[in-house]
Every structure is written in C-alpha cells, then in structure tokens.
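Welcome! Have the sequence and the 3D view ready, and try each exercise before you read its solution.

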Amino acid sequence: MSYPIAAVSTGSNLSAIGILRLSGEGCGTVAGRAFTLHSGMPLTEAPNRKLVLGTLHDARGRVIDSCLAVYTRAPNTYTGEDTVEIHCHGSPAVLAAGLEALYLAGAKPAARGEFTKRAFLNGKLDLTQAEAVIDLIEADTADAAANAAGQVGGALQKKLAPIYEDLTDICSHFHAVLDYPDEDIADFGLENYRQTLKSDARALYSLLQTYGQGRILRSGVAAAIVGKPNVGKSSLLNALAGFERVIVTEVAGTTRDTVEEPVLLGHTRLRLIDTAGIRDTTDRLEAMGVARSQAAAEDADLVIFLCDGSQALTDEDRAVMDICLEKENAIALINKIDLGQVVQPSDLPFCNIVEISVRTGQGLEQLADLVDTLFAGSVPCDGSVLTNPRQYDAIRRAYQAMLDALQGLSLGQTPDAVLTDVESAMAAIGEVTGATVREDITARIFERFCVGK
C-alpha cells in the first residue's frame, strides 16, 4: 500500500458530472475530512461499493457541493488499493475547489497515469493491458476502441504468455541440471527443444506481421493526395476536413509543402496529406515541395491521384500516375466534372476510379464507400494485432534472438551459448508484458497518460 493520491478523472471541461478520484492507503480517512455523509456515518464505515450522499466542503467548512461518494476497499479495485470516488457537479470551479480540499486533507497530487501505474505495480494489469488503457482513451474510431478494449482484456498477453513459459522451461531445466548434478533430474538435451523454439519463433513472426495493420488501426491510413498543380488537391482536403484547412487560390503551385489533417471518411480514419503539385520546375522552393510530395506518396498507405476532368490529360498527369501505380492501394479521382467532363474513367489505368466535383460535393460519398471497401473491416479488432511501436520493437528483438538461438543450435554451439540468446528473447518479451521492464521504460510509458487515469 502507498500514500493517498487525488486527481480529477473527468477532465477540465464543463460537464454535468465530474469525478474526484483518490487511491492509496488511508484515502478513506483523507476523503472523509472533506466529505461528510448526510447520515452522520464516517466515510470509512460506509458500505463497500455503495454510493452515499453527503456534502463536500473546504478546510473552513464552507460547502462546495452536495454530491455522492463511493468507497471501494482493496484489493478488488482498479489500482489494487483502497479507492474513493466523489461524484460532483461538473463545474471546473467545483472540481478545483474539491481537489484543493482533498490536498489540504492529506492527499498528494496524482502524476500522469499514476492510477494505472499503481494498477500495474500492484499486479492488477500487466503492461500490455496498462498501455492499452491509454489507447482506449485516445481511440477515435469504433475499431480502434474495440482493439484497445481487447488488449485491456489481455488478448496480447495471452499470445505472449505461452512463449515466455516455453523459454522459461528451457532455461530452468538447463540451470537445474547444471546447478544440481546429484539430483534426479532428466538430462538436458537442447535438441529436444528445437521444435519448441521453431514454433515460438513462428508465433512471434506472425505477431510482427500484424503491425502494419495495427499501425493503421491506431494512427489511421496515411493518404497522400497527389496530382499536378491546380487540379483541386487542397480543395479536396478542405472539403473532406469540413473547414478551410489549406489556402486555395487560382494560382497554380500555391501549396509548397505537405499539409496533414486527420479525417474520418465513412468508417475509416485517414491522415490526409495535401501535397505540392508535382511538375518540373526551376523554382527552388517549389522543387523542394515537389520532392516532399513524391516522398509522401512513397510512404503513404493510400495514394489519391487527382486530375482535372474538364481538361485533357497532360504529360504531367501521366508522370504523377506512374508514381501512383507503383502503390498497392491507389484511387484515381476525376475532379471538376461540373465544368464539363473531358477525361473519362477509361482514360485512366486505375482499378479504383471515382468521378467527383469538389465544388459541389458530387461523388464524395462514393469516395467514402470506396475507402471503406479498401480499409474498413480489414483489420481484426479483438486486441490480437500489434499497434504499439515500443511493443513492436521489443518483439522484433525477441524474434531475432530466437533466430540466433536456432542458428546456434544448427551450428552445434554449446547449450550455454544458445541459451544466452533464449534469455535475450525472454528479456525482450518481458519488456512487453512487464516481467522484466526497466524503471525508466515504465516511467516513459505512463507519461503518455492524462492526470486522473
């Protein structure tokens, strides 16, 4: 158990209800100094997990709010410690005054993520679950929320636990034979574990292969809008974003750099990237923008080629198309069809083509449907995919260590040499689950959290 901490858990915006959360040894006593039950009963004697009515007051006894509180005893709490939640009206002034009263009563300010960090340190969550909490808070699509909820439920931990157990068994058997030669322990033969190592390495590889999908689920589809100057790229971004995100003029080449804006199109989250028009130019600044446009197209998960459908295709259009056709996911948009259509879908060598008018909005619904067809539902949302770059790096290192162990086994290295790699794989997996995580890594993880969670 540890000292009591307190924070506002519902943010600082005006709302109907606001929650002051406390956790730690003695938090019931601390909260009871600022919250008096209408029944006259001390808060520390209130029924477990039952809302009670009372008055929140400051150190001078002045009433802050008439509200509710719930006292939950350890260990069956989120943090594994005694916790108190005071449910007030959601005025920022009420919450600030209530929090100050709790501090004066003996609580310390909670650090970012400290409630979840205590849940991890007290064994209520493993590290995969703890990190998924912040992903659940930050999720901005139903699919991202569902995947994060699956990881909070332990989906990723369930994939890694059997592998960690296998490696633990191998290492413990070897050290048992080495340290207790006189005991009746079965002889250690590393060759007997070859299939186990292969199977576990394949499992890690399969998990690594989900990261591309998981990155899209967590961060959205990086979608680069490309085309020659003045075909409507910035206007398209503004139309999909719903506000004037980018300056639009009649002058070709207005956009000189890449501009990114998150957009929910249909059911798919896009990171739309408006790019400079791609063409040959002697203008040094514009040339730098063109180079960035080409780099954005190369790095994107989706490229959206835009042309002016009211004018015949040019060599500049065809040069941009060549860049787009190298991508696995590409969509061609024939824009400005309200001005009279010259370019026809049959003129473009794309599988996915939509005729649109950014000015009137015609065709944008079809674009949303097409994007959903390409991306929505393509990623499992049960928590089984890797979405976290830190976790990906650790599992990549674990997989490489497993390959090194298998190579050493094939080369006839001594068991202790091979097991050095096995132990490296265990340590890397432990960084994901929390079994071997260093204190500095733990601190960095929970810095992502908001105060009060």
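The exercises below walk through this predicted model.

**Exercise 1. Find out how strand 2 (residues 15-23) pairs with strand 1 (residues 5-8) and with strand 6 (residues 83-90).**

Step 1: Start with strand 1. Strand 1 and strand 2 are antiparallel, and four bridges hold the pair. Within this pair, Ala6 faces Leu22 of strand 2.

Step 2: Look at the turn. The hairpin of strand 1 and strand 2 has six residues between the strands, and there Gly11 has a positive phi near 80 degrees.

Step 3: Move on to strand 6. Strand 2 and strand 6 also run antiparallel, joined by eight bridges. Here Leu20 has Ile86 in strand 6 as its bridge partner.

**Exercise 2. Decide whether Cys171 is buried or exposed, and do likewise for Cys351.**

Step 1: Recall the cut-offs: buried means under 20% relative accessible area, and exposed means over 50%.

Step 2: Cys171 has 6% relative accessibility, so this cysteine is buried.

Step 3: Cys351 has 82% relative accessibility, so this one is exposed.

Step 4: Now count the disulfides: the structure has zero.

**Exercise 3. Identify the residues that make a nonpolar surface patch of about 260 Å².**

Step 1: The patch is formed by Leu51, Leu53 and Leu68.

Step 2: Take Leu51, which belongs to strand 4 (residues 51-57). Its relative accessibility is 53%, so Leu51 counts as exposed.

**Exercise 4. Check the length of helix 12 (residues 364-375) against what its residue count predicts.**

Step 1: Helix 12 has twelve residues, and at 1.5 Å a residue the expected span is 16 Å.

Step 2: The C-alpha atoms at its ends lie 17 Å apart, which agrees with the expected span.

Step 3: Now see which residues are covered. Among the buried residues of helix 12 are Leu367, Val371 and Phe375.

**Exercise 5. Look for unusual backbone angles in three loops.**

Step 1: Keep the general pattern in mind: most residues other than glycine have a negative phi, and most peptide bonds are trans.

Step 2: Go to the loop between strand 5 (63-72) and strand 6, where Pro75 is found. The peptide bond from Ala74 to Pro75 is cis, and its omega is near 5 degrees.

Step 3: Next, visit Asn230 in the loop between strand 8 (221-226) and helix 9 (233-241). Its phi is positive, near 65 degrees. With a relative accessible area of 36%, Asn230 is partly exposed.

Step 4: Finish at Lys336, in the loop between strand 12 (330-335) and strand 13 (353-355). The phi of Lys336 is positive too, near 65 degrees.

Methods
Residues are numbered from 1 along each chain as its sequence is written. This is a predicted model: local features need pLDDT of at least 70, side-chain atom pairs count only at pLDDT 80 or more; totals for chains, interfaces and linings use all residues. Side-chain values use heavy atoms; hydrogens and water are left out. A disulfide is a pair of cysteine sulfur atoms within 2.5 Å. Buried means under 20% relative accessible area, exposed over 50%, partly exposed in between (1.4 Å probe, protein chains only). Two strands pair if DSSP finds at least two bridges between them. Helices (H or I, at least four residues) and strands (E, at least two) are DSSP runs, numbered from the N terminus. Patches are made of residues with over 30% relative accessible area and no salt bridge: like charges are joined within 9 Å, nonpolar side chains (Val, Leu, Ile, Met, Phe, Trp, Tyr) within 5 Å. Accessible areas come from the Shrake-Rupley method with a 1.4 Å probe; for residues, only the protein chains shown count as cover. A salt bridge is a side-chain nitrogen of Lys or Arg within 4 Å of a carboxyl oxygen of Asp or Glu. The expected span of a helix is 1.5 Å times one less than its number of residues.
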